[in-house]
2 protein chains.
Amino acid sequence: MMSDPTAYRLYYWPTLQGRGEFVRLVLEDAGMPYVDVGRTEGGMAELQRWLAGGGEGRPTPLAPPFLVREGIVLSQVANILHYLGPRLGLVGPGPAAEHQALQLQLTIVDLVAEVHETHHPLSAALYYEDQKEAAIARTNLFLEHRLPKFLRHFEQAVVVSPAGVLTTDPALDHSYVDLSLFQIVVGLQHAFPAAMGALLQELPKLSAIRERVCERPRVAAYLASSRRLPFNHHGIFRAYPELDLLPTWAAPPSVSG
Amino acid sequence: MMSDPTAYRLYYWPTLQGRGEFVRLVLEDAGMPYVDVGRTEGGMAELQRWLAGGGEGRPTPLAPPFLVREGIVLSQVANILHYLGPRLGLVGPGPAAEHQALQLQLTIVDLVAEVHETHHPLSAALYYEDQKEAAIARTNLFLEHRLPKFLRHFEQAVVVSPAGVLTTDPALDHSYVDLSLFQIVVGLQHAFPAAMGALLQELPKLSAIRERVCERPRVAAYLASSRRLPFNHHGIFRAYPELDLLPTWAAPPSVSG
């Protein structure tokens, strides 16, 4: 089968959700044809050629994910979604809506980086097992201070659309930021079930967005397909029992005699 | 003196360059009137009211810096510069130039976050002194692997403008990304003089941009003024002697026999 020459070509690692998943979700939800190049035959060699500067004179991306089509080469997740959003109807019209979505997405990017740091606080160049002690210390403080700060911020950014639906974009019922919020909530539930079980109880709007996104037909079909990679120990959101800690704000009150 | 009601109001911590400095440099270079609110009387209380959600119904920023003017409230450095760039002539015209600048700026944001992690690898909620051992381990691996990767990426993103000037924006002689590159180079030189002394020798284009930006009249006037805060132990770029490590790629060859 010939590939569609107008299809987006997404370059990302083939064995993990990672940062690429935020782009996959947008393309899947919009029903856009795309090639997940790293998962095709010869795709990884092609990805490596790009990183080595072989992109036909176009700017070399520093790292995956990057998206290529007809002379455009975009890297950085927030930049890619800022490009796709207006083209796929996933952000409200006009600069104000676009800046508001970009701002929220950049805060999601910050959270994703901090989640990665929980299991790699010393270096991505070391194995998790070789920085486990630091990872426990970092995760403990992340769950205590940072996780609630980020998620409460996203909760207050959720509004009711004109049609009565919860979303982050006041002009639409659904946005690319909503898709990313879905991904961080399910990812955090996978990685930190104890803390998230407690925290989501006070975040009904974020929980509602997670449910609504799950039920979108193309998202549901994607999640049920083999294109959706499972969470594993290569991605951002990793389930390590020793990092599934209960913050003090989530601990049940002590019972005294 | 009454303040100009059309002036931008920049909200940032008053005692450090930090992430706010990337915005200050753009406003200063463009000669835009602005109020550095945190450094005015009562300014910190006003900043705290915004963070507590008192922004007159407008979206609450998660953290400084944020920029306010006539109904716009923007946070996240890359989002603020993406907004200011076209308005101040600091990015080439059209979406392709804007996306390219945003992409580079987001990679600068990533680098800035990693530099912050060098002195706070376990948590921003702990003092540096309480995570010094982890900081040394993290810095060692940052200088070994990450610093050269980032700066070589920026070096290859520098192009020659139509007027023969080195810049990151092929349509202009100067861009907001150039201003941010200046800031990271001088910041890294302050924090890691040993590694940077070796690395800059192979990065002539980045060194040239640093020099060119320094010599822009409004930047030079700003740097010589009291508005430019000195580097200190509160900001991103901190000079700790124990973190000024020499990576193996910078070590002189050993002399035998």
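Through which surface do the copies meet, judging by the interface residues of chain B and chain A? They meet through the same surface, because 100% of the interface residues of chain B are also interface residues in chain A. Keep in mind that this is a predicted model. Below, we start with how the chains are arranged, then look at the sheet, one buried arginine, a hairpin and a helix.

**How the two chains fit together**

- To lay chain B on top of chain A, you rotate by 180 degrees with 0.0 Å of shift along the axis, and the RMSD comes out at 0.0 Å.
- The two copies are therefore related as by a two-fold rotation axis.
- Want a landmark for that axis? Look for B:Pro121: of the residues of chain B, this one comes closest to the rotation axis, with its C-alpha at 2.9 Å.

**The sheet in chain A**

- Chain A has an open sheet of four strands, and reading across you meet them in the order β2-β1-β3-β4, with mixed pairing.
- At the edges sit β2 (34-36) and β4 (72-75) of chain A, each of which pairs on one side only.
- On average, neighbouring strands of this sheet are turned by 20 degrees against each other, if you ignore direction.
- As background, strands of a sheet pair through backbone hydrogen bonds, either parallel or antiparallel.
- The parallel kind shows up between β1(A) and β2(A), which are joined by three bridges; here A:Tyr8 has A:Tyr34 as its bridge partner in β2(A).
- The antiparallel kind shows up between β1 (residues 8-11) and β3 (residues 66-69) of chain A, again with three bridges; here A:Tyr11 has A:Phe66 as its bridge partner in β3(A).
- Follow the chain from β1(A) through helix α1 (residues 20-30) to β2(A) and you've traced a right-handed β-α-β unit.

**A buried arginine in helix α1**

- A:Arg24 belongs to helix α1 of chain A.
- Is A:Arg24 buried or exposed? A:Arg24 counts as buried, because its relative accessibility is 0%, and the cut-off for buried is under 20%.
- The side chain of A:Arg24 makes a polar contact with the side chain of A:Asp36 at 2.8 Å.
- That arginine side chain also reaches the backbone oxygen of A:Leu16, at 3.3 Å.
- Setting aside neighbours within four places in sequence, A:Arg24 is in contact with a list of residues including A:Leu10, A:Tyr12, A:Trp13, A:Tyr34, A:Tyr222 and A:Leu229.

**A hairpin in chain B**

- Over in chain B, β3 (residues 66-69) and β4 (residues 72-75) run antiparallel and are joined by four bridges.
- One pairing to find on screen is B:Leu67, whose bridge partner in β4(B) is B:Leu74.
- The hairpin of β3(B) and β4(B) has two residues between the strands, and B:Glu70 takes a positive phi near 35 degrees there.

**Helix α3 in chain A**

- How many of the 11 residues of helix α3 (residues 77-87) of chain A are buried? Nine of them are, so this helix is mostly covered.
- Among the buried residues of α3(A) are A:Val77, A:Ile80, A:Leu81 and A:Leu84, along with A:Asn79, A:His82 and A:Gly85.
- Just after α3(A) you'll come across A:Gly89, which takes a positive phi of about 70 degrees.

Key
Residues are numbered from 1 along each chain as its sequence is written. Chains are lettered from A and ligands numbered from 1 in the order in which they are written. This is a predicted model: local features need pLDDT of at least 70, side-chain atom pairs count only at pLDDT 80 or more; totals for chains, interfaces and linings use all residues. Side-chain values use heavy atoms; hydrogens and water are left out. Two strands pair if DSSP finds at least two bridges between them. Axes are lines fitted to C-alpha atoms, for helices over the stretch in contact, and angles run from 0 to 180 degrees between N-to-C directions. Copies are superposed by least squares on the C-alpha atoms of residues with pLDDT of at least 70 in both. Contact means heavy atoms within 4.5 Å. A crossover is right-handed if, with the strands pointing away from the viewer, the path from the first strand over the helix to the second runs clockwise. Buried means under 20% relative accessible area, exposed over 50%, partly exposed in between (1.4 Å probe, protein chains only). A polar contact is a pair of N or O atoms within 3.5 Å; within protein, one must be able to donate a hydrogen and the other to accept it, and residues adjacent in sequence count only if both atoms are side-chain atoms.
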